[in-house]
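Here is a short tour to read with the structure open beside you. It begins with a pocket, then moves to the helices and a few single residues.

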Amino acid sequence: MNTTNGKMAIQSRQKLADALFIIMQQYNFKEITITQIAQEAKLSRKTFYRLYNNKEEILDDFFQNLFESFIKRVKDEDIHHYWDAVQVYFDFWEEKREFLRLLKKQNILTILMNISYNRSFEVFEYVRSKEIMVSFSPYLPYLISYALGGMHSMLIKWIEEDMAVPSSVLIEKLKAGFQSVDI
């Protein structure tokens, strides 16, 4: 992916992402062409290839930006406890329910999971501390895989259930369930 960051490049990236998501409403992601995306965005193929090598890079770029927004929210809310971070995570995705449904329909939630895993080390360091991160360093990939695996599975189940339960209730019950001696 080209790392051009000028104002025009940023606007073009957004147009291409918007175009891709519009097309994904009607077509399978695997079948979508660069020409379709460029035409929907009202940009040239040349502009597309100046910014991206393929359509997967649009998703990667978009997901990275989403995760930046999530990290910013964690920092803005000054989150320093696991359950608070989980709550913010589900609140964040609850606001993007239509987008999640689209990703599920397209069977591409795994891309989101991979980016979440890679970026979660930043979240862990902020929520816990650099010292705790260092002390757990040999085991941190396992700890994060465990936590994110459960959260991702729960996110998928929540999407399948049409996100009928508000995130605040969902996390409250999850937390209570884990604290219960009856489990």
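How do the residues of the lining of the largest pocket divide into nonpolar, polar and charged? In this predicted model, the lining holds 20 nonpolar residues, two polar ones and one charged one.

**The largest pocket**

The space in the largest pocket comes to about 580 Å³. Its lining is made of 23 residues, and those nearest the centre are Tyr 82, Val 86, Ala 147, Leu 148 and Met 151. Which helix gives the most to this lining? Helix α9 does, with eight residues. At least two lining residues each come from α4 (55–76), α5 (82–94), α7 (109–127), α9 (140–160) and α10 (167–179).

**The overall picture**

Stepping back from the pocket, you will find ten helices and zero strands in the protein. Read along the sequence, the pattern is therefore α-α-α-α-α-α-α-α-α-α. The C-alpha trace spans about 60 × 35 × 25 Å along its principal axes. Of the 183 residues, 40% are buried. Among contacts with a separation of 6 or more, 64% join residues that are 24 or more positions apart.

How far can you trust the coordinates? The average pLDDT of the protein is 92, and 95% of the residues score at least 70. Helix α2 (residues 34–41) has the highest confidence, at a mean of 98, while helix α8 (residues 130–135) has the lowest, at 88. As a reading rule, predicted coordinates should not be read in detail where pLDDT is low.

**Two helices of the pocket wall**

Helices α4 and α5 both contribute to the pocket lining, and each can be checked for length. The 22 residues of α4 should span 32 Å at 1.5 Å a residue, and because its end C-alpha atoms are 32 Å apart, the two values agree. For α5, 13 residues at 1.5 Å a residue should span 18 Å, and the end C-alpha atoms are indeed 18 Å apart.

Which residues of α4 are buried? They are Lys 55, Glu 57, Ile 58, Leu 59, Asp 61, Phe 62, Phe 63, Leu 66, Phe 67, Phe 70, Ile 71 and Val 74. The list includes Lys 55, Glu 57 and Asp 61, which count as charged. The cover over the buried residues of α4 includes α1, α2, α3, α5, α6 and α7.

In α5, the buried residues are Ala 85, Val 86, Gln 87, Val 88, Tyr 89, Phe 90, Phe 92 and Trp 93. These pack against α4, α6, α7, α9 and α10. Val 86 is thus buried in α5 and is also one of the residues nearest the centre of the pocket.

When you look down such helices, it helps to recall that an α-helix has 3.6 residues a turn, so residues three or four places apart point the same way.

**Single residues to look at**

The table gathers four residues by place and relative accessible area.

| Residue | Place | Relative accessible area |
|---|---|---|
| Gln 106 | loop between α6 and α7 | 8%, buried |
| His 152 | helix α9 | 9%, buried |
| Asp 78 | loop between α4 and α5 | 48%, partly exposed |
| Lys 42 | loop between α2 and α3 | 73%, exposed |

Why does His 152 count as buried? Its relative accessibility is 9%, and the cut-off for buried is under 20%. Leaving aside residues up to four places away in sequence, His 152 touches Leu 109 and Met 113.

Gln 106 is also buried, at 8%. Beyond residues up to four places away in sequence, Gln 106 touches Met 24, Tyr 27, Asn 28 and Phe 29. Gln 25, in the loop between α1 (7–24) and α2, is 81 residues from Gln 106 in sequence, yet their C-alpha atoms are 9.0 Å apart. With the same neighbours in sequence left out, Gln 25 touches Leu 102 and Lys 105.

The other two residues in the table draw attention through their backbone. Most residues other than glycine have a negative phi. Lys 42 is not a glycine, but its phi is positive, about 60°. Asp 78 is not a glycine either, and its phi is positive at about 50°.

Methods. Residues numbered from 1 in each chain as written. Predicted model: local features only at pLDDT ≥ 70, side-chain atom pairs only at ≥ 80, totals over all residues. Heavy atoms only, no water. 1 Å grid on protein atoms, 1.4 Å probe; cavity = no way out; pocket = protein on both sides within 12 Å on 5 of 7 lines; lining within 4 Å. Points joined across faces, edges and corners; volume = space filled by probe spheres on them. Helix = DSSP H or I, 4+ residues; strand = E, 2+ residues; numbered from the N terminus. pLDDT = per-residue confidence, 0-100. Buried < 20%, exposed > 50% of the residue type's maximum accessible area, 1.4 Å probe, protein only. Contact = heavy atoms within 4.5 Å. Expected span 1.5 Å × (residues − 1).
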